[in-house]
Amino acid sequence: MKAPIPINGSTWWIGVNDRETDLFESIWPLPRGVSYNSYLLADEKVAVVDTVKSSAFDAYLAKIRRVLGPERTVDYVVINHMEPDHSGSLRLLREVFPHAQLVGSKKTIEFLGHLYGITDNTRIVGHGDELDLGDSGGHTLRFALTPMVHWPETMMTYDTAHQILFSGDAFGGFGALDGGIFDDEVDVDYFDDEILRYFSNIVGKYCPMVQRALAKLQGTPIKVVAPTHGPVWRADPGRILGAYDRWSRYEADDGVVLAYASMYGNTTSMMESVAKGLLDAGFPTVRVHDASRTHVSYIVRDAWRYKGIILGSPTYDTGLFPPMANLVNLLAEKKLKGRILGVFGSYGWSGGGVKALTEFAAQGDYNLLEPVVEARFAPTPTDIEACRLLGRTMAERIRAASA
Ligand code: FEO
């Protein structure tokens with residue numbers, strides 16, 4: 001996708017795909033890549049909304065030149081979000097277009113100085129402020145301050161005449177754009193997993209702020225949702241708005257994520273019995289993850305998706321096995337709540353793993369199931385039966401919660 005892609009006669013997507021970065025924020029794997037979406041509005045004045053990672057600057061500038069030609073300049077760069085996947089090209093863009101005014105919230109302008117040493121020709125905008133780009137394209141931009149979606153400086157930009165919401169990180173997702181950029185051009189079902197993995201791991205901690213942002217948008221007619229990552233939603237913007245609304249209310253589907261770790265196979269045997277218990281109860285929607293081998297972001301994604309979470313861990317030294325500790329720490333950090341939780345595990349010469357899981361349950365907003373199952377070394381037939389009961393109980397509780 002080397003060429004700019006028109007959204008309408010005077011608005012273009014000028015983003016880039018990144019299929020080379022392995023880890024987003026040096027934490028989150030990108031097996032399907034990611035897009036950095038930027039937009040150009042050419043009216044009597046020219047505005048760019050958000051930029052791209054600095055490593056893609058040459059391709060990015062070429063797209064701007066394809067729209068504007070060699071002479072025309074950029075008048076405004078609207079900064080919805082300062083994280084470097086979107087602000088990384090600002091300094092280079094300023095070198096090419098030295099008179100471009102940088103537009104953002106008060107905090108954005110503060111961050112500009114600290115991140116890039118840019119302090120001149122900036123404009124602070126507040127909630128509801130407007131920027132008129134002229135009459136030929138009819139673009140008037142209205143700004144909505146939406147702090148903590150995903151940083152404190154974050155805002156959204158709404159094109160009032162064309163009813164396009166440039167939403168920043170909100171309504172975005174992982175996954176490079178394979179050919180098309182619009183929801184009616186790509187297989188959106190394929191993107192669902194990566195959009196939820198993005199939401200749960202990047203934005204999920206700030207669900208109350210997502211709800212506040214959605215409330216601010218209430219009553220605003222939105223024809224197109226144009227986020228900084230993932231598809232541009234022009235055919236069914238309600239799909240992504242509804243998904244973010246549901247996820248940020250912690251609503252979930254009927255199903256269970258069964259995450260376990262095992263050093264010698266004993267906790268694995270227990271996990272298989274819990275899974276069998278779920279199946280005995282006629283409950284097939286189970287996603288099993290080995291926490292030692294599956295990146296934690298995928299487990300957090302499924303924990304956000306499903307009503308039930310079951311965690312199984314061996315004891316390591318006198319506490320939780322480190323990959324499981326990593327998972328529960330991240331779940332606590334992301335403040336996921338309202339889930340039904342089951343725990344089990346094993347120990348050898350000292351207990352501690354299962355105790356740590358019950359403490360995790362007590363510290364969060366979880367509904368801990370009985371039985372809590374703990375085996376010493378190899379699980380006995382009684383332990384195995386208790387694991388099956390745990391699986392059956394989880395199935396029954398989810399059904400009861402959905403009735
Ligand atoms: Fe896509 Fe918070 O940056």
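## The largest pocket

By class, seven nonpolar, four polar and seven charged residues make up the lining of the largest pocket. The model behind this report is a predicted one, and the pocket in question has a volume of about 360 Å³. Its lining takes in 18 residues, and those nearest the centre of the pocket are Val16, Asn17, Asp18, Ala56 and Ala59.

Which elements give two or more residues to this lining? They are strand 3 (16-18) and helix 1 (57-68). Helix 1 holds the largest share, with four residues. If you would like to find the site on screen, Val16, Asn17 and Asp18 are among the residues nearest its centre, and strand 3 spans 16-18.

## The second largest pocket

Next comes a pocket with a volume of about 270 Å³, the second largest. It is lined by 16 residues, and Met263, Tyr264, Thr315, Tyr347 and Gly348 are the closest to its centre. At least two lining residues each come from helix 8 (266-280), strand 19 (306-316) and strand 21 (339-347). Strand 19 provides the largest share, three residues.

How does this lining divide by class, and how many of its residues are charged? The second largest pocket is lined by seven nonpolar, eight polar and one charged residues. For the largest pocket, the charged residues number seven.

## An enclosed cavity

Besides the pockets, the structure has one cavity of 30 Å³ or more. The volume of the largest cavity is about 30 Å³. Its lining consists of Val74, Val77, Leu90, Leu93, Arg94, Phe97, Ala100 and Leu102.

Which element gives the most to this lining? Helix 3 (residues 90-96) does, with three residues. Sorted by class, the residues around the largest cavity are seven nonpolar, no polar and one charged. Arg94 is one of the residues that line the cavity, and arginine falls in the charged class.

## Helix 6 against helix 7

Two packed helices are described by the angle between their axes and the distance between the axes. For helix 6 (residues 207-217) and helix 7 (residues 237-248), the axes come within 9 Å and cross at roughly 140°. Angles over 145 degrees would count as roughly antiparallel, and helix 6 and helix 7 are therefore oblique to each other. Their crossing is left-handed. On the helix 6 side the contact is made by Cys207, Val210, Gln211 and Leu214, while helix 7 brings Leu241, Tyr244, Asp245, Trp247 and Ser248. Taken by class, this contact between helix 6 and helix 7 has six nonpolar, two polar and one charged residues.

Gln211 is worth a closer look. This residue has its place in helix 6, and it belongs to the contact with helix 7. Which residues does Gln211 touch once its neighbours within four places in sequence are left aside? They are Asp245, Ser248 and Arg249. The C-alpha atoms of Gln211 and Arg246 are separated by 9.5 Å, and the two residues are 35 residues apart along the chain.

## Helix 9 against helix 10

A second helix pair is formed by helix 9 (residues 296-305) and helix 10 (residues 322-334), whose axes come within 10 Å and cross at roughly 50°. That angle makes helix 9 oblique to helix 10. Is the crossing left-handed or right-handed? For helix 9 and helix 10 it is right-handed.

Helix 9 makes the contact through Val296, Ile299, Val300, Ala303 and Trp304, and helix 10 through Asn326, Leu327, Leu330, Leu331 and Lys334. The classes here are eight nonpolar, one polar and one charged residues. Among the helix 10 residues in this contact are Asn326 and Lys334.

## Two backbone details

Two loops deserve a glance if you plan to check backbone geometry. The peptide bond from Glu370 to Pro371 is cis, and its omega is near 0°. Pro371 sits in the loop between strand 22 (366-368) and strand 23 (373-376).

Where does Asn121 lie? Asn121 is in the loop between helix 4 (106-116) and strand 11 (122-124). Its phi is near 50°, which is a positive value in a residue other than glycine.

Terms used
Residues numbered from 1 in each chain as written. Predicted model: local features only at pLDDT ≥ 70, side-chain atom pairs only at ≥ 80, totals over all residues. Heavy atoms only, no water. Axes fitted to C-alpha atoms, helices over the stretch in contact; angles between N-to-C directions. Parallel < 35°, antiparallel > 145°, perpendicular 65-115°, else oblique. Left-handed = near helix turned anticlockwise from the far one by under 90°. Contact = heavy atoms within 4.5 Å. 1 Å grid on protein atoms, 1.4 Å probe; cavity = no way out; pocket = protein on both sides within 12 Å on 5 of 7 lines; lining within 4 Å. Points joined across faces, edges and corners; volume = space filled by probe spheres on them.
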